[in-house]
Amino acid sequence: MTADDLDWVPPGVDTRRANVARVYDYLLGGSHNFLADQDVGRALAAVEPEVRAIAWANRKFLGRAVRYLIQAGIRQFLDIGSGIPTEGNVHEIAQAADPAARVVYVDVDQVAIAHSRAILAGQQNAAVIDADLREPEKILAHDQTRRLIDFSQPAGLLLVSSLHYVADADDPAGIMTTLRDALAPGSYLVICHGTSDDRPELMSAVGKVFNRSVATQSHVRPGAEILRLFGDFELVEPGLVHMPLWRPDSPADVPGDPSRYWCLAGVARKP
Ligand SMILES: C[S@@+](CC[C@H](N)C(=O)[O-])C[C@H]1O[C@@H](n2cnc3c(N)ncnc32)[C@H](O)[C@@H]1O
């Protein structure tokens with residue numbers, strides 16, 4: 001299938017090459033992915049049978065974190081590595097609580113950007129920008145970011161399963177310092193990040209399958225390194241934990257062994 005066959009595929013997208021956003025969309029059961037993405041998803045499931053449940057646990061954590069921030073009074077959100085819109089988009093959750101809530105989505109994937117633009121058509125309070133997490137100054141200076149986010153007021157900064165696509169060589173710590181410094185006191189930082197702590201051999205196998213097929217490489221990290229990405233922000237309870245353990249809606253939502261869900265999730269407040 002070529003991009004010409006589908007009217008929602010932006011020009012220039014190579015549908016024969018798998019990519020991060022579309023593999024994740026496939027794992028969530030979405031429809032904005034192609035055979036190459038589905039092949040990678042199936043190969044991942046062959047080495048990690050729970051990979052779809054893990055993708056969903058990530059998406060559900062995002063929803064719980066946004067609802068927590070809304071309850072904490074946050075009304076403006078910068079969501080970096082926002083992905084292809086799917087169930088529980090940040091603006092839908094935030095604007096259900098307050099129609100005036102504002103959201104800037106950021107991604108580098110052209111399918112994610114095109115589909116986000118389509119669902120945000122006519123929205124005054126939400127926008128998507130084509131920008132790279134590895135260039136945080138450009139994100140902060142972007143017209144739409146400046147239009148929708150008032151950096152003198154508390155905001156929610158979301159990096160949900162996007163930081164593990166930033167290599168050490170691209171200085172994730174420095175990127176996070178720039179982003180944290182831009183926020184007003186009382187702002188919140190939400191991070192979900194793959195960890196190598198619990199099942200290093202499995203993570204190595206998953207990484208090999210992913211990295212041999214997808215141009216953007218994944219870089220899972222030890223929990224101690226993920227913790228440092230929060231800088232001096234104060235983690236709210238229960239701290240940095242496996243995703244299902246972060247303020248579950250119901251005890252029944254917590255699986256028997258949460259460490260099988262190999263991403264650590266946390267929310268921290270800028271003092
Ligand atoms: C696994 S998806 C997560 C989507 C969403 N945050 C969620 O948790 O449901 C990761 C997203 O990060 C995006 N991404 C990866 N590297 C990026 C970068 N350097 N700058 C911006 N986005 C990036 C991918 O295109 C993809 O849409």
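Contact means heavy atoms within 4.5 Å. The model is predicted: local features need pLDDT of at least 70 and side-chain atom pairs pLDDT 80 or more, while totals for chains, interfaces and linings use all residues. Residues are numbered from 1 along each chain as its sequence is written, and side-chain values use heavy atoms, with hydrogens and water left out.

**Exercise 1. Describe the surroundings of Arg 22.**

Step 1. Arg 22 belongs to helix α1. Helices (H or I, at least four residues) and strands (E, at least two) are DSSP runs, numbered from the N terminus.

Step 2. Arg 22 is buried because its relative accessibility is 3%. The classes are buried (under 20% relative accessible area), exposed (over 50%) and partly exposed (in between), with a 1.4 Å probe and protein chains only.

Step 3. Setting aside neighbours within four places in sequence, the contacts of Arg 22 include Val 13, Asp 14, His 32, Phe 34, Asp 37, Ile 84 and Asp 109.

Step 4. With Asp 37, the side chain of Arg 22 forms a polar contact of 3.0 Å. A polar contact is a pair of N or O atoms within 3.5 Å; within protein, one must be able to donate a hydrogen and the other to accept it, and residues adjacent in sequence count only if both atoms are side-chain atoms.

**Exercise 2. Characterise the packing of α1 against α2.**

Step 1. The axes of α1 (residues 20-27) and α2 (residues 35-47) are 8 Å apart, at an angle of about 65°. Axes are lines fitted to C-alpha atoms, for helices over the stretch in contact, and angles run from 0 to 180 degrees between N-to-C directions.

Step 2. From α1, the contact uses Arg 22, Val 23, Tyr 26 and Leu 27; from α2, the residues include Asp 37, Val 40, Arg 42 and Leu 44.

Step 3. The residues of this contact divide into five nonpolar, two polar and three charged. Here Ala, Val, Leu, Ile, Met, Phe, Trp, Tyr, Cys and Pro count as nonpolar, Asp, Glu, Lys and Arg as charged, and the others, Gly among them, as polar.

**Exercise 3. Find the strands that pair with β8.**

Step 1. Two strands pair if DSSP finds at least two bridges between them. Strand β5 (residues 188-194) runs antiparallel to β8, with seven bridges. One of the partner pairs is Gly 194 with Cys 263.

Step 2. Strand β6 (residues 234-235) is also antiparallel to β8, over two bridges, and Leu 235 has Ala 268 as its bridge partner.

Step 3. Strand β7 (residues 241-242) adds two antiparallel bridges to β8; His 242 stands opposite Leu 264.

Step 4. In β8 (residues 263-269), six of the seven residues are buried.

**Exercise 4. Locate His 164 and relate it to β5 and β8.**

Step 1. His 164 lies in the loop between β4 (156-160) and α8 (172-182). With a relative accessible area of 6%, His 164 is buried.

Step 2. Beyond four places in sequence, its contacts include His 193, Gly 194 and Cys 263.

Step 3. A polar atom of the His 164 side chain lies 2.8 Å from the backbone nitrogen of Gly 194.

**Exercise 5. Identify unusual backbone geometry.**

Step 1. Most residues other than glycine have a negative phi, and most peptide bonds are trans.

Step 2. Ser 161 has a positive phi near 55°, and Asp 171 has one of about 60°.

Step 3. Ser 161 is in the loop between β4 and α8, as is Asp 171. Ser 161 is buried at 17% relative accessibility, whereas Asp 171 is partly exposed at 40%.

Step 4. The peptide bond between Glu 237 and Pro 238 is cis, with omega about 5°; Pro 238 is in the loop between β6 and β7.
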